Amino acid sequence: QAQLAESGGGVVQAGGSLRLSCSASGGTLSGYTMGWYRQAPGEEREFVAFILWNGGNTGHAESVKGRFTISRDSAKNTAYLQMNNLKPEDTAIYYCYTRQTAGGSLNWGQGTQVTVSS
């Protein structure tokens with residue numbers, strides 16, 4: 001399985017923007033889906049966005065549609081999550097994942113903290 005390295009988290013005021021990156025090494029992403037989940041304190045981990053590495057189709061949770069955009073750079077084996085108009089309720093640890101598009105278990109990154117102050 002590919003090793004995932006996340007970056008780009010931080011502290012931002014409400015209405016601000018951040019871009020998360022997730023770089024994969026040690027394996028091919030062909031036939032895989034990459035994306036993010038997030039987990040706020042005391043809450044369950046929830047889906048945020050995904051991208052199909054082959055073809056680039058994407059999906060976003062309703063709570064982030066119109067504000068977050070997932071994309072990829074195939075040459076860099078890296079996916080990005082552009083987060084605009086951030087809200088305090090977006091505060092969470094954001095976890096990158098990969099999974100074979102055909103199914104199977106999720107491979108997780110270490111997580112990166114995003115904190116949005118009001």
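**Overall fold, core and one loop residue**

There are zero helices in this protein, just eleven strands. Run along the sequence and the pattern reads β-β-β-β-β-β-β-β-β-β-β. The radius of gyration comes out at 13 Å, close to the 13 Å that the globule rule gives for 118 residues, so the protein is as compact as a globular protein of that length. All of this rests on a predicted model rather than an experimental one.

As for dimensions, a box of roughly 40 × 25 × 25 Å, taken along the principal axes, holds the C-alpha atoms. Buried residues account for 40% of the 118 residues. Looking at contacts with a separation of 6 or more, 53% of them link residues that sit 24 or more positions apart. On the outside, about 5900 Å² is exposed, and carbon and sulfur atoms supply 45% of that area. Charges were also checked: there are 9 positive and 8 negative ones, and their mean positions lie 8 Å apart.

Turning to the inside, in soluble globular proteins nonpolar side chains tend to be buried together. Here, the largest nonpolar core has 28 residues. Those touching the most other members are Met 34, Trp 36, Val 48, Phe 68, Leu 81, Met 83 and Tyr 94. Two or more core residues come from each of strand E3 (18-25), strand E4 (32-39), strand E5 (46-52), strand E7 (68-73), strand E8 (78-83), strand E9 (92-100) and strand E11 (112-117). E3 gives the largest share, four residues.

Leu 81 makes a handy example of how this core is wired. Setting aside neighbours within four places in sequence, Leu 81 is in contact with Leu 18, Arg 19 and Leu 20, with Trp 36, with Val 48 and Ala 49, with Phe 68, Thr 69 and Ile 70, and with Tyr 94. Among these partners, Trp 36, Val 48, Phe 68 and Tyr 94 are also on the list of core residues that touch the most other members.

Away from the core list, Thr 101 deserves a look. This residue is found in the loop between E9 and strand E10 (107-108). Its relative accessibility is 37%, so Thr 101 counts as partly exposed. Not counting residues up to four places away in sequence, Thr 101 touches Gly 31, Tyr 32, Thr 33 and Leu 52. Take the pairing with Gly 31: the two residues are 70 apart in sequence, yet their C-alpha atoms are 5.9 Å apart in space.

Conventions. Residues numbered from 1 in each chain as written. Predicted model: local features only at pLDDT ≥ 70, side-chain atom pairs only at ≥ 80, totals over all residues. Heavy atoms only, no water. Core = buried A, V, L, I, M, F, W, Y, C linked by side-chain atoms within 4.5 Å. Buried < 20%, exposed > 50% of the residue type's maximum accessible area, 1.4 Å probe, protein only. Contact = heavy atoms within 4.5 Å. Rg over C-alpha atoms; globule rule 2.2 N^0.38 Å. Areas by Shrake-Rupley, 256 points an atom, 1.4 Å probe, with all protein chains shown as cover. Lys, Arg positive; Asp, Glu negative; His and termini not counted. Charge placed at Lys NZ, Arg CZ, Asp CG, Glu CD.
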